[in-house]
Amino acid sequence: MSELFKKILIATDGSKYTKGAIREGLAIARLNRSRVFAVYVIDTRALTTVDGMPTPENMYVLLEQEGKQAVEQVKRMAGDLPVETAVITGHPASAITGFAKDKGVNLIVVGTLGKSGIEELLLGSVADKIIRTAPCPVLVVKA
C-alpha cells in the first residue's frame, strides 16, 4: 500500500465540510510519507453572471484570496509533511483530475459537501465526476 500513495492530492473549498477529507488525506500521507498537493479550484462558472457576462475583476481576487487561505489551512494542518499548494482556475472536476494527471498523483481525496445550498449539490456532482474521470483512486470523505 505504501508504494501506491506517494503523491496525494487533497481538494479543498475552504469550508468546514472539507476538514474531514483534509484530516483523512493527511493521515494517509503521514503513513506513507507522501508528498501532498493541496488544491483549490476557482470555478469559472462563478465568474460569469446569469446572462453570461463576466463578473467584476474583484470577484476573481476575492475567490483567489479564499483559495489561498484554504490551501494554507491544509499546509498548517500538515505540520512537517511536505505540501505544495495550488490555486487553479477551471471547472472543478476537470481541473482537479487534470492537475492529478499532470503531477502523477496516486490518490485524490475529496469531501462530499461544499459550503451551502447549491454548492453542496455542485461539490457532490464534482466528487462524482472526479470518481468517474480520475487517473487514480479517489477517496471521498463524507462530511
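**Salt bridges and a buried serine**

Asp128 comes out as partly exposed in this predicted model, with a relative accessible area of 38%. Its salt-bridge partner is Arg132, and the two side chains meet at 3.0 Å, N to O. Arg132 itself counts as exposed, at 57% relative accessibility. Both residues sit in helix 4 (residues 117-133), four residues apart, which is about one turn of the helix.

That pair is one piece of a wider picture, as the structure holds three salt bridges. Glu84 takes part in a bridge with Arg35, where the side chains come to 2.5 Å, N to O. This pair ties together distant parts of the chain: Glu84 belongs to strand 3 (residues 83-90) and Arg35 to strand 2 (residues 35-43), with their positions 49 residues apart. Glu84 also bridges to Lys103, with the closest N and O atoms 3.3 Å apart. Here again distant parts of the chain are linked, strand 3 for Glu84 and helix 3 (residues 92-103) for Lys103, 19 residues apart. Put together, Arg35, Glu84 and Lys103 are linked in a network of salt bridges.

As for accessibility within the network, Glu84 is partly exposed at 24%. Arg35 counts as partly exposed too, at 36%, and Lys103 is partly exposed with a relative accessible area of 30%.

Ser15 is another story. This residue lies in the loop between strand 1 (7-11) and helix 1 (19-32). Its relative accessibility is just 7%, and because buried means under 20%, Ser15 counts as buried. The Ser15 side chain makes a polar contact with the side chain of Asp13, at 2.7 Å.

Notes:
Residues numbered from 1 in each chain as written. Predicted model: local features only at pLDDT ≥ 70, side-chain atom pairs only at ≥ 80, totals over all residues. Heavy atoms only, no water. Helix = DSSP H or I, 4+ residues; strand = E, 2+ residues; numbered from the N terminus. Buried < 20%, exposed > 50% of the residue type's maximum accessible area, 1.4 Å probe, protein only. Polar contact = N/O pair within 3.5 Å; in protein donor to acceptor, adjacent residues only side chain to side chain. Salt bridge = Lys/Arg side-chain N within 4 Å of Asp/Glu carboxyl O.
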